[in-house]
Amino acid sequence: SSQPSGQPSLLLQYHESGLSSSSHELSLYIRDGADHSDPVPPGSWNMGQTGGPSVSTPTPAVPLKFPQLHTALCFGAGGHLVLVCPHHPAEGQLPRVQMHSLEVILHGTEELKELQAFPGPLAREDLHKVDVMMFCQQKISTGCDFSTQRGRDSSLLWKLLVLLCRQNGSMVGSDAAELLMQDCRRQDKYKRQDPAPNLVGLADDEWASRQPGTLDLITGEVPPVVETQAQIVEKFTKLLYYGRKKDALVWAMRNQLWGHALFLSSKMDPRTYSWVLTGFTSTLATNDPLQTLFQLMSGRIPQAALCCGDATWGDWRPHLAVMLSNKAGDTELNQRAIVTMGDTLASKGAVEAAHFCYLMADIPFGYFGAKADRMALLGSSHRQAFSQFARTEAIQRMEIFEYCQHLRQPDSFLLSFQVVYKLLYASRLADHGLPAQALQYCEHISTVLLRRDPAAHPVLARQVVRLAERLKLSDPLLLEMPEQDQALEPDWLEQLRACCQEWEV
């Protein structure tokens, strides 16, 4: 559009405001961003208003997209950043290319340190499990904030991996319980209380009328003032002399003689025994782990499995410990109680704690897209964005868990992790200038796929081939070959490519 009368030109406005000419060039670049802008009409820079000379500069019909020299760059698969420096080909200047190592450029960053510290791939023959355990211990000491609940839960997962690695992937419930109790910040004091009056069968006013010092209408005696434990037992025995079992039970429950009451009621009818047992458990605090154990042994899902994770409830670890170390006869009930506790913790945002429960219940790993699955990566919620879910730490933790499974059962296989996340991890290694380690991951993934059926995952197999083709020159064995033989490829890459071509045909 034409410049409105009475207003200075755009270039003159830039000149008078002190802006550099690059602002004008940027405006031309924006106007020409789609490569189809209208030609800019020829204009002149009239400096008459400012007292300067009048200079007329012809403007090209189509402005240059890059009026000034600029640097072109690209990322190479070998872990390099390639720069093409500015030059004037018309003046006979040759382009100057610079190659920089990404590992050097990113030196000191947290991302590169995290990748360099991990001793992966963990399928290497020269790997010792002590290296894996030392990495886990390092994560506990430097990567977990023990002042927060999430930091303590994260350290618990790392400690579990250390335990599994030390014991070659084998573990029993008491091992996990010991680990849980070591990680407890403090031992809570659970307050005992008197049984509710309705449970012992007497109202408070009725009980007051039965206190010592009043005439007993049945025996015709005035009961003595009860002070000692022996006197309490003596009265319990005296009530039984007259066959007053119900009163004896009430007396025993009121005076904390639970052993006497439970034994006597166990020899009576089941309803009475259940009544005394309920009175006994009512004296325990609601969040007492004993309450959890007794509820589980009674064939019920413990209340702790439904309430843990609340600040008012207390620590969840003792409740899980008591369930793991004292498994009842009903295996299905035990697993359901532990899974319920995991679901409750997950709903409160305690993902690491929930995953610990799921591991204790042998819940299998699922996939990122399946929201109904309880786990996809150890210690990371698959109900968040993928970039937040597939963190480097989560992939490393998952690979260590897989390594522990291999120590116990060499043929164990986590397909969802092997194919997808190890390939993603290899790509991150290449992006951070670690191509040799990335190629090792490609070889490991290829070996696993060839052992299975590559045609079952054709897209991922092609991605492995594509990445390996760009990284193959990072193989030290290939670099040591004569120059005429460097066109050769590793056997595993040729086999995987042949499988992909066969599938495409």
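Trainee: How do you know that contacts in the chain join residues far apart in sequence?
Mentor: Take the contacts between residues at least 6 apart in sequence: 54% of them join residues at least 24 apart. The model is a predicted one.

Trainee: What makes up the chain, in helices and strands?
Mentor: The chain has 25 helices and three strands. Of its 505 residues, 40% count as buried.

Trainee: Why is cysteine 74 called partly exposed?
Mentor: Its relative accessible area is 41%. Buried needs under 20% and exposed needs over 50%. Cysteine 74 therefore counts as partly exposed.

Trainee: Why is there no bond between the sulfurs of cysteine 307 and cysteine 308?
Mentor: A disulfide needs two cysteine sulfur atoms within 2.5 Å. The closest cysteine sulfur to that of cysteine 307 is in cysteine 308, 7.9 Å away, so the pair is too far for a bond. The structure holds zero disulfides.

Trainee: What makes the length of helix H25 close to the expected one?
Mentor: H25, residues 491-504, has 14 residues. From first C-alpha to last, H25 reaches 20 Å, and 20 Å is expected at 1.5 Å a residue.

Trainee: Which residues of H25 are buried, and how do you know that they share a side?
Mentor: They are Trp492, Leu493, Leu496, Arg497 and Cys500. They cover an arc of only 130° around the axis, so they lie on the same side of H25. Asp491 and Glu502 are exposed on the other side.

Trainee: What covers the buried residues of H25?
Mentor: The cover includes helix H22 (435-451) and helix H23 (458-471).

Notes:
Residues numbered from 1 in each chain as written. Predicted model: local features only at pLDDT ≥ 70, side-chain atom pairs only at ≥ 80, totals over all residues. Heavy atoms only, no water. Buried < 20%, exposed > 50% of the residue type's maximum accessible area, 1.4 Å probe, protein only. Helix = DSSP H or I, 4+ residues; strand = E, 2+ residues; numbered from the N terminus. Expected span 1.5 Å × (residues − 1). Arc of directions from axis to C-beta. Contact = heavy atoms within 4.5 Å.
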